[in-house]
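Visitor: I am new to reading protein structures, and I would like to be led through one slowly. Could you show it to me before we begin?

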Amino acid sequence: MTAASTLSFGSGPVLTGQVIAVTGADQGYGRTISAALARAGASVVLIGGNSESLAVAASGLELAGGTAIPIKADVGVPLDWLSAQNRILEIFGALHGIVHLADKRAHTNFTLLSESEWMELFNCNVKSSVAIAQIVRRRLVGTWLTLVGPHLDEAGLQVYPQRGALRGLVEHAHDEDLRVNLILPSRASSGDEALDRPLADAVLALATPALAHLRGNVLEVPLPSVPRLRVTEVNAR
């Protein structure tokens, strides 16, 4: 039995009563994590930049028996995140945890990376993480934050200062009495929930009340390789 199924069945969903926001929830790891949290009983707030894909994802979770609402917001803009956070509090009256996808990848190698591309990476991965942590500290004492950082298979010198900044934030967040942990997946999302489940399991474990004392951890999560399509399979598509 996987960790995900253990958290979903048996004595009952362990996250019942928790309200958890997931950024980037309409794609990649965000979808897998949101589904796992919903199965574990949490009310999941799906946050992202595309209203249509967020609505589709939320509808899918609702049809599967979960509780989910979509909220469009650019979490790289602190006022956008604050607005989304206030909306969550209006609807649910609480926000127990946040899973922030800080794993935007570069599409250019380090040598050719432009200043604008670097700033976009920094804003999406580092600036947004600091801003969310700061707003949580000001307004939601006790809310936990789990970051999913740049994947371990990402090439390029630009990834190291991002990981280093996130690691420093997480390891010293206790100075501000924040419960923050960082998860580093071994690769990018496969789009296959079964292959990406170990990452969702790690997020679920950190979300459980039994592990509420954990903070300042950097977890590297190995994931199974994504099978390569055979030529015959590609031609059949």
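The questions and answers below go from the sheet to its strands and then to the cores.

Visitor: What kind of model is this, and how are its residues numbered?

Guide: This is a predicted model, in which local features need pLDDT of at least 70 and side-chain atom pairs count only at pLDDT 80 or more, while totals for chains, interfaces and linings use all residues. Side-chain values use heavy atoms, with hydrogens and water left out, and residues are numbered along each chain as its sequence is written, from 1.

Visitor: In what order do the strands of the open sheet lie?

Guide: Helices (H or I, at least four residues) and strands (E, at least two) are DSSP runs numbered from the N terminus, and two strands pair if DSSP finds at least two bridges between them. The open sheet has 7 strands with parallel pairing, and their order is β3-β2-β1-β4-β5-β6-β7.

Visitor: Which are the edge strands of this sheet?

Guide: An edge strand here is one that pairs on one side only. That description fits β3 (67-72) and β7 (218-221).

Visitor: By how many degrees are neighbouring strands of this sheet turned against each other on average?

Guide: Axes are lines fitted to C-alpha atoms, for helices over the stretch in contact, and angles run from 0 to 180 degrees between N-to-C directions. For neighbouring strands of this sheet the direction is ignored, and the average turn is 20 degrees.

Visitor: At what angle does α2 run to β1?

Guide: Contact means heavy atoms within 4.5 Å. Helix α2 lies across β1, β2, β4, β5 and β6, and its angle to β1 is about 170 degrees.

Visitor: Which strands does helix α4 touch?

Guide: Helix α4, residues 78-92, packs on the sheet, and its direction makes about 155 degrees with that of β2. The strands that α4 touches are β1, β2, β3 and β4.

Visitor: Is β5 mostly covered or uncovered, and how many of its residues are buried?

Guide: Buried means under 20% relative accessible area, exposed means over 50%, and partly exposed lies in between, with a 1.4 Å probe and protein chains only. On one side of β5 there are W144, T146 and V148, on the other L145 and L147, and all of these are buried. Strand β5 is therefore mostly covered by the definition of buried, the count being 5 of its 5 residues.

Visitor: Which residue of β6 stands opposite L147?

Guide: Strands β5 and β6 run parallel and are joined by 4 bridges. Within β6, L145 has V180 as its bridge partner, and the residue opposite L147 is L182.

Visitor: Why is β6 largely enclosed by the rest of the structure?

Guide: From β6, V180, L182 and L184 point one way, whereas N181, I183 and P185 point the other way, and all are buried. Strand β6 is largely enclosed because the number of its residues that are buried is 6 of the 6.

Visitor: What is the handedness of the crossover from β6 to β7?

Guide: A crossover is right-handed if, with the strands pointing away from the viewer, the path from the first strand over the helix to the second runs clockwise. The chain goes from β5 through helix α6 (residues 159-172) to β6 in a right-handed β-α-β crossover. From β6 the chain crosses through α7 to β7, and this β-α-β crossover is left-handed.

Visitor: Is V218 buried or partly exposed?

Guide: V218 is found in strand β7, and its contacts, leaving aside neighbours within four places in sequence, are R167, E171, L182 and L184. With a relative accessible area of 21%, V218 counts as partly exposed.

Visitor: How far apart in space are V45 and V22, C-alpha to C-alpha?

Guide: V45 lies in strand β2, residues 43-48, and counts as buried because its relative accessibility is 0%. Not counting residues up to four places away in sequence, V45 touches V22 and others, including I69 and F92. V45 and V22 are 23 residues apart in sequence, and their distance in space is 6.1 Å.

Visitor: Which element gives the largest share of the largest nonpolar core?

Guide: A nonpolar core is a set of buried Ala, Val, Leu, Ile, Met, Phe, Trp, Tyr and Cys residues joined through side-chain atoms within 4.5 Å. The largest has 33 residues, and V22 and L46 are among those that touch the most other members. The largest share of this core is 7 residues, and these come from α7.
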